[in-house]
Amino acid sequence: MGRRKQKKPVIESKYLTRGQALRKLQLSLTEFRRLCILKGIFPRQPKKKGSGKVYYSIKDIKFLSHEPIIKKFREFNSFYKKIKKAIGKKEFQKIKSMESNLPTYTLHHIVKERYPTFIDALRDLDDCITLISLFAILPSSSMVPANRTQNCQKLYCEFLNYIIKTHSLRKVFVSIKGIYFQVEIKSQLITWITPHQFTQHPPKNIDFRVMLTFLELYEAILKFVNHELFYSINLRYPPEFDQEKLSNGDLLGALILLNENENENENENQNENQIENENENENQIENQKLMRERIKTLEQKLISVEKNEAINVQNEEKNQKENQGLDQEVEQNFFQKMEEDEDESTRKQYKQAQKQRSRKVIYGNLFEGKIFYLNREVPRLPLEFVIRSFGGKVGWQGEGSEFGENDEKITHQIVDRKRIDRRFISRAYIQPQWAFDSVNELILLPVEDYAPEVKPPHHLSPFVKDHIVGYIPKRREELISLKSFRNSSKKKKSNLKNQNQNQNQNQNQNQEELEKNYAQELENEFKGITYSQLEEQKKNKTNFQEVEIEGNEKSILSKTQLENQIRNKQPKKTSVFDQNDEKTQLAKAVMTRKQRIAFNKAQRISSKKQNSIDRLINKRVAFEIENQDEEDIKKRKTKSKQK
């Protein structure tokens, strides 16, 4: 008997080290890393792994071995070896001829493999746009060529112009890292971050070769996505760019959006129709000759055919009467199904059109009729993108603007400095935060809070859900009350018509009240009470009410009442079980070990959340007490000056 073959360990049967993978694919480390990034393959972590080794799945390596890009890598290596030889022999004319034969490749097949549907590409678009927006701002250098930055700028501007055209911007948040944007495309939410428009100095610690391979893939994905998005709106792609506006720095306005060329298609169709008509005329002449010859031979056959047809007609009439009932039922069922399918398709089209209209009403009409002017110290690209996507018009200080600073049509001027030498009465001067906050709340916020001399309110993140966190900040409470006031004012306008109808009834009631007051005055005169005595009594009542109000204000300043007032406004959560309670202890005794660990973990997380909420409330209480003290000091000073 032969020996039994020993089974390989699990690591050797399922995984390969990086060195083994390189030897199997016959690639260098840089080429292997680049291939893994393009194909989306990552190293694996087996349960029992060797120390300091990187493992890959054998299935992934077999999948990579059939990739056609590996052949292109080898062609590149052989091409560069030929160039090195020519440089060593100083054959410069040969090098120029070889440069035209540089091997090229595309990533279209990889994009189709990784994203079989368009919605899959939209779901994975967050990192793509963040990286492209970053490289669009970076300065050109030896690691980042100028062609790459220009291509990133064009792709990013195409994507932004689609959002402006469709009004699909939803949320904006300005942070220290950059500006966060959220967009809704085909019912898919896409969030990305763009850096602030400062001169960026790329650090030396970063390996740009890895980032450039990611950028190569993301450029191909975004080009595919932009093509599909433009085609869905019936726009031409790739669009043309106005070079004068690009040189002036107007990236969003430089894009020329055109519909699909109808005139060119009409001319092409006309030429094709002319050629077809000429060919048809020639064919008609030949067909006429053939038809004359056929008619002569068919006359004899018709006589015999007519006799056979008369016999067949009699037999068919009998069969038709039998099958007529069955045919009617089949036709009715068929037409019912057709009508149902048409109804479903029309319903879907109607719903899509209704959604687009509602989006334009909500998101496209916020800044409609508003004309903004941006000062030079204000970041132009993000503000222009936000304002135009919500229906506003934008101008700026410099070349390429549609209107200047002295234009009387301007309604809002966005400024980021305290001192303004020249002011226009017909426009409002605001800080950039006003545009972002009003977009997040979908209402035009009051301009007085965002004046250049005033410290603006807190910029809240629209991505944080306060009810889930468990703490509602003061600014959120103010915004909720403002929204409710605006909604109530709209309802009041609708009820004005009903109030006008009831005015006649109120006039009659007022006449009755005047008659009662007149009767009371007559009684006071009869009793001997003068008009001056009545006024003194009224003053004493008002003084007594003011004293009560002052006492109440002093009581509000107390810390405990402020805390209770703030805590009552916070969202009420379900009570967490106390560990010292008998019910929790009994429940723990019944639990298994895993359940007890999970329960204790949930308790720790809830206690941490509660501690963070308590800290925020204490900070808010201390801040409000300081503000109230300052207000009291100002009031006392004004009263002393009046005395």
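This is a short tour of four places in a predicted model, each of which can be selected in turn in the viewer.

Begin by selecting helix 3, which covers residues 29–39, and colour Glu31, Phe32, Leu35, Cys36, Ile37, Leu38 and Lys39, because these residues are buried, that is, they have under 20% relative accessible area. If you then show the surroundings, you will find that the buried residues of helix 3 pack against several elements, including helix 2 (18–25), strand 2 (55–57), helix 5 (69–89) and helix 11 (208–232). Just after helix 3 comes glycine 40, where the backbone takes a positive phi of about 75 degrees.

Next, move to helix 5, where lysine 81 is found, and display the side chains of Lys81, Lys84, Lys85 and Lys89, which form a positive surface patch. Lysine 81 itself is exposed, with a relative accessible area of 59%.

For a patch of negative charge on the surface, select Glu626, Asp629, Glu630 and Glu631, which gather there. Glutamate 630 belongs to helix 23, residues 593–642, and with 48% relative accessibility it counts as partly exposed.

Finally, turn to strand 5, residues 188–194, and pick out threonine 191, which counts as partly exposed at 30% relative accessibility. Which residues does threonine 191 touch, not counting residues up to four places away in sequence? Select Asp126, Phe181, Gln182 and Phe463 to see these contacts. You can also draw a distance from threonine 191 to aspartate 127, since the two are 64 residues apart in sequence and 8.8 Å apart in space, C-alpha to C-alpha.

Terms used. Residues are numbered from 1 along each chain as its sequence is written. This is a predicted model: local features need pLDDT of at least 70, side-chain atom pairs count only at pLDDT 80 or more; totals for chains, interfaces and linings use all residues. Side-chain values use heavy atoms; hydrogens and water are left out. Buried means under 20% relative accessible area, exposed over 50%, partly exposed in between (1.4 Å probe, protein chains only). Helices (H or I, at least four residues) and strands (E, at least two) are DSSP runs, numbered from the N terminus. Contact means heavy atoms within 4.5 Å. Patches are made of residues with over 30% relative accessible area and no salt bridge: like charges are joined within 9 Å, nonpolar side chains (Val, Leu, Ile, Met, Phe, Trp, Tyr) within 5 Å. Accessible areas come from the Shrake-Rupley method with a 1.4 Å probe; for residues, only the protein chains shown count as cover. A salt bridge is a side-chain nitrogen of Lys or Arg within 4 Å of a carboxyl oxygen of Asp or Glu. Lys and Arg count as positive and Asp and Glu as negative; His and the chain ends are not counted. The place of a charge is taken as NZ of Lys, CZ of Arg, CG of Asp or CD of Glu.
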